[in-house]
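Here are a few exercises to work through with the model open beside you. Try each task before reading its solution.

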Amino acid sequence: MTEGEGRSEVGKALGLLICGTLVYYHCAYRNSTILSLFSDVLIVLLCSLAILGLLYRQMNISVPVDPLEWQISQDAANSIFAWLANTVGAAESVLRVAATGHDKRLFFGVVVCLYILSAIGRLVSGATVAYAGLCLFCLYILAENSQSIRTCVPQLQRQRNDTAVEDDNM
């Protein structure tokens, strides 16, 4: 992975963390609905685009890409919906096998997972769990792409291997 790609991934993680924080604040702290959040975001985007359009017209700047001319290829649309259909189909087949009880291990795994989720749901709100998961995911991406962590981990592994070799020689 090049340095530019690492920075891109870190930027994505930080953007995702900021968006998640704003969603959590809007939905959990302010007790607003997700529909209210989407409408607020849409209003902000439309107002921002209108102001930018007026500014570009005033400064006689032509817009390089017209969003009204954006198109998605047929192959891209087919692959997106094929992925969605495969994901839903796989989840449906796993749940069907678990519900019939033919695979006892899968059945008990699903029961335990649902029990844990219900216990977590009783303790905290769904928005809090989703936000905590998003934060952990962003921390994982940051740690995976951080240059300092990438250089420290091999050094620690080398030190651990050196001590293991010394212990074997004694």
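**Exercise 1. Salt bridges**

Find how many salt bridges this predicted model holds, and say which residues take part.

*Solution.* Start with the idea: side chains of opposite charge can pair when their charged atoms come close. The cut-off is a Lys or Arg side-chain nitrogen within 4 Å of an Asp or Glu carboxyl oxygen. With that rule, the count is one salt bridge. The partners are E92 and R96, whose closest N and O atoms are 2.1 Å apart. Next, look at the spacing: the two sit four residues apart in helix 3, so about one helical turn separates E92 from R96. Last, check the surroundings. E92 has 38% relative accessibility and therefore counts as partly exposed. R96 counts as partly exposed too, because its relative accessibility is 48%.

**Exercise 2. The neighbourhood of V97**

Place V97 in its helix, classify its exposure and list what it touches beyond its sequence neighbours.

*Solution.* First, the address: V97 belongs to helix 3, which covers residues 74–100. Then the exposure: relative accessibility is 34%, which means V97 is partly exposed, since that class lies between 20% and 50%. Now the contacts. Leaving out residues up to four places away in sequence, V97 touches H102, D103 and L106. For a distance check, go to F107: it is ten residues from V97 in sequence, and the two C-alpha atoms are 7.8 Å apart.

**Exercise 3. I141 and its partners**

Is I141 buried or exposed, and which residues does it touch?

*Solution.* Begin with helix 5, residues 126–145, where I141 is found. Its relative accessible area is 12%, so I141 is buried; the limit for that class is under 20%. Skip residues up to four places away in sequence, and I141 touches E9 and A13. The C-alpha atoms of I141 and V10 are 6.9 Å apart, although 131 residues separate the two in sequence.

**Exercise 4. Cysteines**

Count the disulfides, then check how exposed C19 and C113 are.

*Solution.* Recall that a disulfide is a covalent bond between the sulfur atoms of two cysteines. The model has zero disulfides by the distance rule, which asks for sulfur atoms within 2.5 Å. For exposure, C19 comes out at 48% relative accessibility, so it is partly exposed. C113 has a relative accessible area of 41% and is therefore partly exposed.

**Exercise 5. Annotated spans against the model**

Which residues does UniProt list as "transmembrane region", and what is the secondary structure of residues 12–28 and 35–56?

*Solution.* The unreviewed UniProt entry lists residues 12–28, 35–56 and 110–143 under that name. Take residues 12–28: they are 100% helix and 0% strand, with 23 Å between the end C-alpha atoms. Residues 35–56 are likewise 100% helix and 0% strand, and their end C-alpha atoms lie 31 Å apart.

**Exercise 6. The whole chain**

Describe the fold pattern, the burial and the confidence of the protein.

*Solution.* Go through the elements first: there are six helices and zero strands, giving the pattern α-α-α-α-α-α along the sequence. Buried residues are 9% of the 170 residues. The protein exposes about 14000 Å², with carbon and sulfur atoms supplying 67% of that area. Among contacts with a separation of 6 or more, 53% join residues 24 or more positions apart. Finish with confidence: mean pLDDT is 76, and 76% of the residues reach 70 or more. Among the elements, helix 3 has the highest mean, 88, and helix 6 (residues 147–169) the lowest, 61.

Key: Residues are numbered from 1 along each chain as its sequence is written. This is a predicted model: local features need pLDDT of at least 70, side-chain atom pairs count only at pLDDT 80 or more; totals for chains, interfaces and linings use all residues. Side-chain values use heavy atoms; hydrogens and water are left out. Buried means under 20% relative accessible area, exposed over 50%, partly exposed in between (1.4 Å probe, protein chains only). Contact means heavy atoms within 4.5 Å. UniProt positions are given in the numbering used here, feature names are shortened, and annotations may be inferred rather than shown by experiment. Accessible areas come from the Shrake-Rupley method with a 1.4 Å probe; for residues, only the protein chains shown count as cover. pLDDT is the predictor's confidence in each residue, from 0 to 100.
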